[in-house]
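This report describes selected features of a protein model, moving from single residues to sheets, cores and a pocket. The sequence and the structure are shown first.

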Amino acid sequence: MNESILSRNNVNIYGQGEIPMLFAPGFGCDQNVWRLVAESFEKDYKVILFDYVGSGNSDIGAYDETRYSNLEGYAEDVLDVCAALDIRDAIFVGHSVGGTIGMLASLKRPEYFSDLIMLGPSPCYLNDPPHYHGGFEREELLGLLELMEKNYIGWANAFSVSAMSNIDRPELARDLESRFCSTDPIIALQFAQATFFTDNRKDLPNVRISTLILQCSEDIIAPVNVGEYLHEQLPTSTYKLMEATGHCPHMSYPEETSHFIREYLMDKSENVSELKRIGDLP
Amino acid sequence: MEDRFNFAPCGFLTLSEEGTILSANQTLLQLLGYELEQLMGENVNIILTVPARVFYQFYFVPIIKTGKPVEEMYFSLKSLDGVEIPVLINAVLRKGTREIDCVLVPMHKRNEYENELLIARKKAESALLEKRKANEKLEIALKELETKQAELMNLNEENQTFKTETKKELHLAKIIQEASLTSPIKNDFIQIESYYEASSDLSGDMFGVYQINPHQYGIIILDVMGHGISSSLITMSLQSVFQRLISKGVSPDFLMKELDNHLHGLFQNNEETWHYCTVIYLLINTFNQTVHYLNAGHPPALWQHNTYEQYELSSTCPPIGTFSNMNFDYETFNYEKGDRLLLYTDGVIDPYDSHYLSALLKRYPTVPLPVLKEKLLQLVEEQATYHQEDDKCFILIDLKDGVDVLNKGM
């Protein structure tokens, strides 16, 4: 086990199960966003949480501008964690761009993963008329970067200052110790650039592991048509449209999110045993 | 109190956890240009610009969901008319409810300042980036330079070794060339002094003085075009031919023909290496005091009579190695005791300045030959500006009594 990777990526392992379940955050936040969903799997699975280098409680000193200038670098983080823990056939759950990062990782080392669960995924946020509608024009995404920059004026210590406002909610103590949502403006901005200007559509048909797409209703970041596009392009995918709205169902609708993940995993294991039965016939 | 809330100097907005607008005060409505009914029940996205909608999902929602207050978050609202309104938002999930209370303060002026700040920072950043790039380029250039320098140093070292070896070789060659030079002759009938200096290590000039028999002396001076190694090689090859032939006492025309043939033979298959050569050959007979001579394109030799009259032994044919099948005819003259001869190559003095030589000979008609040689060398040095880089060679001959006179004294 490679201790340096585990501390570099702030890897935390919970739960009593055998099967590894790796939760990858999306853009902007750290592993704490998974708290509610991940907790519900701790009884049956080995829950693994981590932060990308540059976010959460990762080792910011390990940040390399070149490596993390595109999503491949973040996928390397995932592979490093898998290698350090000697993981095989993990269930990968990725929110938003975390799903894409997991997909890229699975293309490089498919043996690490058994399933890819994508929560509000999008392979490409930019519109590419006439056939692809990612949801955004370039100017709008540039506007987002601008908005981020504006908010980083004076953000660096804003979060630590806000810590004391949660004395009445001790269960959040763990959250407060970490730097929730990347505080380093430069790293966050570079992550945003790597995330929002990426186009991984051509990789989709190459994905070999089975995939669950959890699509939110009224998600302006990953709209329904994008989820459907993914379902169409991924060779072995299951598509579920959630009642959850917005882009953060794991935080806003943790029960529904957990439910769909569990249902998918159950169905899968039943199918496997059915297949086995068929295989037993003379 | 209702009015106070409605017309407070800040916008007020209540959202459900899902982002549905539950209430808004008049200040906010006026800012946005909406009526309350138009907003109630709508998603907050309706009053956000597209970037703000994304930002809301990525930052606002997670912060509220983890139970923290949103503090001084910068947002861009969109009014009914599509006008962007920069605002700062503070928001909290109201205790005991699932409602989010938001306070919005427009910040047009501050926004402009911040824009300025951002522009300034971006400029500084790009300047820094430029600097870093420039530095990187410089470092690469420096490394290349260092590599090149190291290469140069190596080459230089090789070159130095090569130079040292070449110099050694050349020095040895010079010694060999000089060893082939004949010694001065001094007896009762004739005295011969010579001077020989190469411009580089090796010379394209050559001379030879030979006593063929008690009465006959062969004196030759030649100049192969150019100077340095190539010329000296040809010179040495000619030297071996004339040494053999002169010692046998051949006639001047036969000697010249042989030297001419030798040169043509050297270059018949290679135009590139073609060289020609100017030669004077004197065959002096001290018994009957005659001189047979042939001048093939060489600067004229000077013959000063004991009466101080001077004659030029001018060119009688083109240089050897030029036209094939040339005919060589020698000239003959008689001399007397006290006559002097000077043979020289064009490195000694510019042919146009040859009057200096004749003047010198005239001024010192009777000084001993070694003294005249010194005077001549002084003159050559004074006139050296033009021909410094050419090989230099000259021969001085004092003609004395014939054998008859000696017999008289016996």
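## A residue of helix 7 in chain B

B:Leu266 is located in helix 7 of chain B, which covers residues 252–267. The model is a predicted one. With a relative accessible area of 38%, B:Leu266 falls between the limits of 20% and 50% and is therefore classed as partly exposed.

Apart from neighbours within four places in sequence, B:Leu266 makes contact with B:Ile234 and B:Ser237. The C-alpha atoms of B:Leu266 and B:Ser237 are 9.4 Å apart, although 29 residues separate the two in sequence.

## Chain B as a whole

Chain B contains 11 helices and 16 strands. It has 410 residues, of which 46% count as buried. When contacts in chain B between residues at least 6 apart in sequence are considered, 63% of them join residues at least 24 apart.

B:Lys68 offers an example of a buried charged residue. Its relative accessibility is 4%, which is under 20%, so B:Lys68 counts as buried. The residue sits in the loop that lies between helix 4 (50–65) and strand 3 (70–78) of chain B. From B:Lys68 to B:Ala91 the C-alpha distance is 9.0 Å, while the separation in sequence is 23 residues.

## Nonpolar cores

Which residues have the most contacts inside the largest nonpolar core? They are A:Phe23, A:Val78, A:Phe113, B:Leu13, B:Phe60 and B:Phe75, in a core of 121 residues. Helix 4 of chain B provides the largest share of this core, with 10 residues. A second core, separate from this one, has 55 residues, including B:Ile192, B:Ile234, B:Leu245 and B:Phe333.

The surroundings of B:Phe60 can be given in detail. Leaving out residues up to four places away in sequence, B:Phe60 touches B:Leu15, B:Phe55, B:Val70, B:Met73, B:Phe75, B:Ile89, B:Ala91, B:Ile100 and B:Cys102.

## Strand pairing

In chain A, strand 3 (residues 46–49) is joined to strand 1 (residues 12–14) by three bridges, and these two strands run antiparallel. Strand 3 of chain A is also joined to strand 2 (residues 20–24), here by four bridges and in the parallel sense. A:Ile48 of strand 3 stands opposite A:Ile13, and A:Leu22 likewise stands opposite A:Ile48.

In chain B, six strands form an open sheet with antiparallel pairing, in the order 6-7-16-15-12-13. Strand 6 (185–186) and strand 13 (310–313) each have a single partner strand and stand at the edges, so one side of each has no neighbour in the sheet. Strand 13 pairs with strand 12 (residues 301–304) of chain B over four bridges in the antiparallel sense. Within this pairing, B:Glu312 in strand 13 is the bridge partner of B:Leu302.

## The largest pocket

The largest pocket holds about 550 Å³ of space. Its lining comprises 18 residues, and those nearest the centre are A:Glu149, A:Ile186, A:Leu189, A:Gln190 and B:Glu125. By character, the lining residues are eight nonpolar, three polar and seven charged.

Which helix gives the most to the lining of the largest pocket? Helix 5 of chain B does, with seven residues. At least two lining residues each come from helix 5 (138–152) and helix 8 (185–196) of chain A and from helix 5 (108–179) of chain B.

## Backbone and burial in chain A

A:Pro129 and A:Pro130 are joined by a cis peptide bond with omega of about 5 degrees. A:Pro130 belongs to the loop between strand 5 (113–119) and helix 5 of chain A.

Two residues that are not glycine have a positive phi. For A:Asn10 phi is about 45 degrees, and this residue lies in the loop between helix 1 (3–8) and strand 1 of chain A. For A:Asp89 phi is about 50 degrees, and its place is the loop between helix 3 (71–85) and strand 4 (90–95) of chain A. A:Asn10 is buried, at 17% relative accessible area, whereas A:Asp89 is partly exposed, at 45%.

A:Ser217, in strand 6 (residues 210–217) of chain A, is buried with a relative accessible area of 18%. Residues up to four places away in sequence aside, A:Ser217 touches A:Leu241, A:Met242, A:Glu243, A:Ala244, A:Thr245 and A:Gly246.

Note on methods: Residues are numbered from 1 along each chain as its sequence is written. Chains are lettered from A and ligands numbered from 1 in the order in which they are written. This is a predicted model: local features need pLDDT of at least 70, side-chain atom pairs count only at pLDDT 80 or more; totals for chains, interfaces and linings use all residues. Side-chain values use heavy atoms; hydrogens and water are left out. Buried means under 20% relative accessible area, exposed over 50%, partly exposed in between (1.4 Å probe, protein chains only). A nonpolar core is a set of buried Ala, Val, Leu, Ile, Met, Phe, Trp, Tyr and Cys residues joined through side-chain atoms within 4.5 Å. Contact means heavy atoms within 4.5 Å. On a 1 Å grid over the protein atoms alone, a cavity is a set of points where a 1.4 Å probe fits but cannot get out, and a pocket is an open set with protein on both sides within 12 Å along at least five of seven lines; lining residues have an atom within 4 Å of a point. Grid points are joined across faces, edges and corners, and a volume is the space filled by probe spheres set on the points. Two strands pair if DSSP finds at least two bridges between them.
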